[in-house]
Amino acid sequence: MSVSDERPADYDLAESWDPVEAAEADELADLDEFLRVSAELTGFDVPELRATGMADEHHRTALAHRVRDEHALVHLWYVGAWPGEAPSSARAHDRGLVWRTFRAAPPGAAAPGHGSWAEAPRGGAPLGGAARGGEAR
């Protein structure tokens, strides 16, 4: 017998779904288990995930969604938002794993400082003729 066979024809899953009850039954309801699974999926270890400061917020976001989708969890950690939604907070995007992966600061989140435009990017070529392929004049 399938699940749909057990429900009356007028049964509405969205109205009857209790998020607290679902979270208690969900293996990811435990923060430590959520972080363990997240570490496996993202390639970052649990201390690194905790260091983002987003563990509790991402845990709440994941629990707010009934669907347990591995790709969505990875997206949440790397981008700071559940797929198709805005980030849960301004800092969620800024602390996304994507910036750690690329060793970059999120645009607009950290001021580079006065005169930074005159400095070569970390690991980049110096400004001037050599960067353009010729001698400095």
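Buried here means under 20% relative accessible area. With that in hand, Phe34, Leu35, Val37, Ser38, Ala39 and Thr42 of H4 all count as buried. Keep in mind that this is a predicted model.

**View 1. The whole chain, made of helices.** Start with the overview: the chain has nine helices and zero strands. Going from the N terminus, the elements run α-α-α-α-α-α-α-α-α. There are 137 residues in the chain, and buried ones make up 25% of them. Take the contacts between residues at least 6 apart in sequence, and 45% of those join residues at least 24 apart. On the outside, the chain exposes about 9500 Å², with carbon and sulfur atoms supplying 54% of that area.

**View 2. The largest nonpolar core, with 17 residues.** Some of its members touch the most other members, namely Phe34, Leu35, Leu49, Leu73, Trp77 and Trp82. H4, H6 and H7 each supply at least two residues of this core. For a closer look, pick Trp82. Setting aside residues up to four places away in sequence, Trp82 touches Thr61, Ala62, His65 and Val67, and also Ala72, Leu73, His75 and Leu76.

**View 3. Helix H4 and what packs over it.** H4 takes in residues 31-42. Is its length what you'd expect? The twelve residues of H4 should span 16 Å at 1.5 Å a residue, and the end C-alpha atoms are indeed 16 Å apart, so the two agree. The cover over the buried residues of H4 includes H5, H6, H7 and H9. Just past the helix comes Gly43, with a positive phi near 90°.

**View 4. Thr42, in helix H4.** Thr42 has a relative accessibility of 8%, so it counts as buried. Its side chain reaches the backbone nitrogen of Phe44 at 3.2 Å. Beyond the neighbours within four places in sequence, Thr42 is in contact with Leu49, Trp77, Tyr78 and Leu97.

**View 5. Phe44, in the loop between H4 and helix H5 (46-51).** Although it sits in a loop, Phe44 is buried because its relative accessible area is 14%, and the cut-off is under 20%. Which residues does Phe44 contact, leaving aside neighbours within four places in sequence? They are Ala39, Leu49, Tyr78, Leu97, Arg100 and Thr101. Leu97 is 53 residues away from Phe44 along the chain, yet the C-alpha atoms of the two are separated by 8.6 Å.

**View 6. Helix H7 and its buried side.** H7 covers residues 70-79, and within it Ala72, Leu73, Leu76 and Trp77 are buried. These residues cover an arc of only 135° around the axis, so they end up on the same side of H7. Turn to the face that points away from that buried side and you find the exposed residues Glu70 and His71. Among the elements that cover the buried residues of H7 are H4, H5, helix H6 (55-63) and H9.

**View 7. The two ends of H7.** At the start of H7, Asp69 brings a side-chain oxygen to within 2.9 Å of the backbone nitrogen of His71. At the other end, Gly80 follows H7, and its phi is positive, near 90°.

**View 8. Arg95, in the loop between helix H8 (90-94) and helix H9 (97-102).** Is Arg95 buried, exposed or partly exposed? Its relative accessibility is 37%, so Arg95 counts as partly exposed. Not counting neighbours within four places in sequence, Arg95 is in contact with Thr52, Gly53 and Met54. A polar atom of the Arg95 side chain lies 3.4 Å from the backbone oxygen of Thr52. Ala51 is 44 residues from Arg95 along the chain, and their C-alpha atoms are separated by 9.5 Å.

**View 9. Arg103, in the segment after H9.** What stands out about the backbone of Arg103? Its phi is positive, about 50°, although Arg103 is not a glycine. For context, most residues other than glycine have a negative phi. Arg103 is also exposed, with a relative accessible area of 72%.

Conventions: Residues are numbered from 1 along each chain as its sequence is written. This is a predicted model: local features need pLDDT of at least 70, side-chain atom pairs count only at pLDDT 80 or more; totals for chains, interfaces and linings use all residues. Side-chain values use heavy atoms; hydrogens and water are left out. Helices (H or I, at least four residues) and strands (E, at least two) are DSSP runs, numbered from the N terminus. Buried means under 20% relative accessible area, exposed over 50%, partly exposed in between (1.4 Å probe, protein chains only). Contact means heavy atoms within 4.5 Å. A polar contact is a pair of N or O atoms within 3.5 Å; within protein, one must be able to donate a hydrogen and the other to accept it, and residues adjacent in sequence count only if both atoms are side-chain atoms. The arc is that of the directions from the helix axis to the C-beta atoms. The expected span of a helix is 1.5 Å times one less than its number of residues. Accessible areas come from the Shrake-Rupley method with a 1.4 Å probe; for residues, only the protein chains shown count as cover. A nonpolar core is a set of buried Ala, Val, Leu, Ile, Met, Phe, Trp, Tyr and Cys residues joined through side-chain atoms within 4.5 Å.
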